[in-house]
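Let's walk through a protein model together, one question at a time. Keep the 3D view open and look up each residue as it comes along.

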Amino acid sequence: MSQLVMMEREDHGTSKQGVQDMASDWAADQEVFRHTHWGKAMMWIFLLSDTFIFSCFLVSYMTMRSSATLPWPNASEVFALTIAGQHIPLILIAIMTFVLISSSGTMAMAVNFGYRRDRRKTAALMFATALFGATFVSMQAFEWTKLIMEGVRPWGNPWGAPQFGASFFMITGFHGLHVTCGVILLLVVASKVLRGHYDRSGDYSAVEIAGLYWHFVDLVWVFIFAFFYLW
């Protein structure tokens, strides 16, 4: 009986020591996983949590739209622009999508040149990506202004289902906030790249981490574009 108690105590001590060792590893400001940078791991965890939030928004939007009793506004008409006397549907949204997708290309090239320790090209491409992002946010602000002037509010709109206004401002606003934060992040990291901060530290992982965030923002927009503007 005493031997059994001693064995249980040893097992408990071993388990406790294992938990303490794991907690110590995770608390250390080092690489947690083999060949995986701590910052990259934390960014992936953040993006996973953000994926759940955007998924909830889109699922709620689909449920709201399916259960609406009043007609849902036609996106081709609501988001159309009149240019040179021609009524062009979704032209602004198409340009916004092109700008954001193009920014993924410049960001990918920035990460590539970051691996090569090419400071100037990395910074230039990151600044170009930030410019694309700022352009996207500016066009989104124009879109919001246009719809507000036409009478769209979070509690209603002149074309039918009142839920349209709430879902539009919530989903596009939350994504626009992410793009704005991404632009700020890109500008900060690009400035450090240009000043040679990462050359001195020998670690360009911040460029890749910023790239992960930016690609996520672009990917989310693809789903918003498909569900909100094309459905």
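Q: Over the ring of which residue does the charged end of Arg 116 sit?
A: Keep in mind that this is a predicted model, so every value here is computed from it. A charge counts as sitting over a ring only if it is within 6 Å of the ring centre and within 35 degrees of the ring normal. The charged end of Arg 116 is 5.2 Å from the centre of a ring it sits over, and that ring belongs to Phe 113.

Q: How far is the charged end of Arg 65 from the centre of the ring of Trp 231?
A: Here's another charge placed over a ring, this time with Arg 65 and Trp 231 as partners. The distance from the charged end of Arg 65 to the ring centre is 4.6 Å.

Q: How many aromatic pairs are there, and is the pair of Phe 46 and Tyr 213 stacked or edge-to-face?
A: Searching the whole structure turns up 23 aromatic pairs. In the pair of Phe 46 and Tyr 213, the ring centres are 6.4 Å apart and the planes meet at 25°. Planes under 30 degrees apart count as stacked, while those over 60 count as edge-to-face. With its 25°, the pair is therefore stacked.

Q: How many residues apart in sequence are the parts that Phe 46 and Tyr 213 tie together?
A: Phe 46 lies in helix H2 (residues 38-67), and Tyr 213 in helix H8 (residues 205-229). Phe 46 is partly exposed at 37% relative accessible area, whereas Tyr 213 is buried at 7%. Because they sit in these two helices, the pair ties together parts whose separation in sequence is 167 residues.

Q: What kind of pair do the rings of Phe 168 and Phe 169 make?
A: Both Phe 168 and Phe 169 are buried. Their ring centres are 5.1 Å apart and their planes are at 70°, so the pair is edge-to-face.

Q: Which element gives the most residues to the largest nonpolar core?
A: That core has 56 residues, and Phe 79, Trp 221 and Phe 228 are among those with the most contacts inside it. Elements giving two or more residues include H2, helix H5 (119-149) and H8. The biggest contribution, 14 residues, comes from H8.

Q: Which residues nearest the centre of the largest pocket help to line it?
A: This pocket holds about 250 Å³ of space. H2 and H8 each supply at least two residues of its lining. There are 14 lining residues, and nearest the centre lie Thr 51, Phe 216, Leu 219, Val 220 and Phe 223.

Q: Which element provides the largest share of the lining of the largest cavity?
A: The structure holds 1 cavity of 30 Å³ or more, and the largest cavity has a volume of about 40 Å³. Its lining includes Phe 79, Glu 143 and Lys 146. The largest share is 3 residues, and they come from H5.

Q: Is Leu 90 buried or exposed?
A: Most residues other than glycine have a negative phi. Leu 90, though, has a positive phi near 60°, and its place is in the loop between strand S2 (86-89) and H4. With a relative accessible area of 14%, below the 20% cut-off, Leu 90 is buried.

Q: What is the relative accessible area of Arg 117?
A: Arg 117 also has a positive phi, about 60°, although it is not a glycine. You'll find Arg 117 in the loop between H4 and H5. Arg 117 is partly exposed, with a relative accessible area of 42%.

Definitions and conventions:
Residues numbered from 1 in each chain as written. Predicted model: local features only at pLDDT ≥ 70, side-chain atom pairs only at ≥ 80, totals over all residues. Heavy atoms only, no water. Phe/Tyr/Trp six-rings, centres within 6.5 Å; stacked < 30°, edge-to-face > 60°. Helix = DSSP H or I, 4+ residues; strand = E, 2+ residues; numbered from the N terminus. Buried < 20%, exposed > 50% of the residue type's maximum accessible area, 1.4 Å probe, protein only. Core = buried A, V, L, I, M, F, W, Y, C linked by side-chain atoms within 4.5 Å. 1 Å grid on protein atoms, 1.4 Å probe; cavity = no way out; pocket = protein on both sides within 12 Å on 5 of 7 lines; lining within 4 Å. Points joined across faces, edges and corners; volume = space filled by probe spheres on them.
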